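The following exercises are to be worked with the sequence and coordinates at hand. Each task is followed by a solution in steps.

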Amino acid sequence: MSDATRTDTTEVAEKKQEQVRNREADFTKGIFASSDSFTLAWQMAQALAGSTIVPANFQKSPQNCLIAIEQANRLNMSPFLVMQNLYVIQGRPSWSSQWIIAAVNRSGKFDMELQFDEKKDKDGKPFSCQCWTMKEGRRVDGIVIDMDMARAEGWTSKNGSKWRTMPQVMLRYRAASFFARMNCPEVVLGMYSMEESEEI
């Protein structure tokens, strides 16, 4: 190989390295929009998968981390925040119910935070819950979730079911997740809550 050819080859290699160093993530069209975006997202996913601080579903799994990065990009959030609230249950990505409530409240789509109308049965035990809020002067309702529905759907009969021990909390969680999917599915990307996925 001549000196000139060797110099040209070296210059090409240096230019490629410079391009890699100067590569900037442009995720405005998603992490799969270009090879550069995907490469950078994959590098991020590998780094996150090597952390012992991220939840177990993401440790040593850059593929799961890549999905979390994509979700974070869609929602304009930190990937770490998404990973703290995204669970993989039998292959189904699902949000924690607390995250769903917080995401709806911070979305700015409604005039006030989510409210919960709760009723008790004749024995004073939690029986039903309806999630609602206001938008431009009108009330936006979710469906009423009650213990009759929970029993009919088999939610209360699952092993280790929290419906038996914490019915008020579960009524709220289910009312909020139904509200979000019906009234602002883009906020939760149409996904189920962790509790729903476990019961499914």
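**Exercise 1. Helix 3 and its end**

Which residue just after helix 3 takes a positive phi? Then describe the span, burial and packing of the helix.

Solution. The model under study is predicted.

Step 1. The residue is Asn 76, whose phi is about 55 degrees.

Step 2. Helix 3 comprises 14 residues, and the distance from its first C-alpha to its last is 20 Å, close to the 20 Å expected at 1.5 Å a residue.

Step 3. The buried residues of helix 3 include Pro 62, Cys 65, Leu 66, Ile 69 and Leu 75. Glu 70 and Gln 71 are also buried.

Step 4. These buried residues pack against helix 2, helix 4 (79-85), strand 1, strand 2, helix 5 (97-106) and helix 9 (185-188).

**Exercise 2. Helix 2 as a partner**

Determine the span of helix 2, list its buried residues, and identify the element against which they pack.

Solution.

Step 1. Helix 2 covers residues 35-49, which is 15 residues. Its C-alpha span reaches 21 Å, close to the 21 Å expected at 1.5 Å a residue.

Step 2. Ser 37, Leu 40, Ala 41, Ala 45 and Ala 49 are buried in helix 2.

Step 3. Those buried residues pack against helix 3 (62-75).

**Exercise 3. Two hairpins**

For each hairpin, give the sense of pairing, the number of bridges, one pair of opposing residues, and the turn residue with a positive phi.

Solution.

Step 1. Strand 1 (residues 86-89) pairs with strand 2 (residues 92-95) in the antiparallel sense, over four bridges. Within this pairing, Tyr 87 has Ser 94 of strand 2 as its bridge partner.

Step 2. Two residues separate strand 1 from strand 2 in the hairpin, and Gln 90 in the turn has a positive phi of about 50 degrees.

Step 3. Strand 3 (residues 115-120) and strand 4 (residues 126-135) run antiparallel and are joined by six bridges. Opposite Lys 120 stands Pro 126 in strand 4.

Step 4. In the hairpin of strand 3 and strand 4, five residues lie between the strands, and Gly 124 in the turn has a positive phi of about 80 degrees.

**Exercise 4. Cysteines**

How many disulfides does the structure hold? Examine Cys 129 and Cys 65 in turn.

Solution.

Step 1. The count of disulfides is zero.

Step 2. For Cys 129, the nearest cysteine sulfur belongs to Cys 131 and is 6.8 Å away. A disulfide would require the sulfur atoms to be within 2.5 Å.

Step 3. Cys 129 has a relative accessible area of 1% and therefore counts as buried, the cut-off being under 20%.

Step 4. Cys 65 likewise counts as buried, because its relative accessible area is 0%.

**Exercise 5. Aromatic rings and charges**

Identify the residues of one aromatic cluster, and locate the arginine residues that lie over ring faces.

Solution.

Step 1. The structure holds five aromatic pairs.

Step 2. One aromatic cluster is formed by Phe 32, Phe 38 and Trp 42.

Step 3. Arg 174 lies over the face of Trp 155, at 4.1 Å from the ring centre. Arg 181 lies over the face of Phe 178, at 5.2 Å from the ring centre.

**Exercise 6. Overall composition**

State the numbers of helices and strands, the buried share, and the share of long-separation contacts.

Solution.

Step 1. The protein has 10 helices and five strands.

Step 2. Of its 200 residues, 38% are buried.

Step 3. Among contacts with a separation of 6 or more, 46% involve residues 24 or more positions apart.

Conventions
Residues are numbered from 1 along each chain as its sequence is written. This is a predicted model: local features need pLDDT of at least 70, side-chain atom pairs count only at pLDDT 80 or more; totals for chains, interfaces and linings use all residues. Side-chain values use heavy atoms; hydrogens and water are left out. Two strands pair if DSSP finds at least two bridges between them. The expected span of a helix is 1.5 Å times one less than its number of residues. Buried means under 20% relative accessible area, exposed over 50%, partly exposed in between (1.4 Å probe, protein chains only). Contact means heavy atoms within 4.5 Å. Rings of Phe, Tyr and Trp (its six-membered ring) pair if their centres lie within 6.5 Å; planes under 30 degrees apart count as stacked, over 60 as edge-to-face and the rest as tilted. A charge sits over a ring if NZ of Lys or CZ of Arg is within 6 Å of the ring centre and within 35 degrees of the ring normal.
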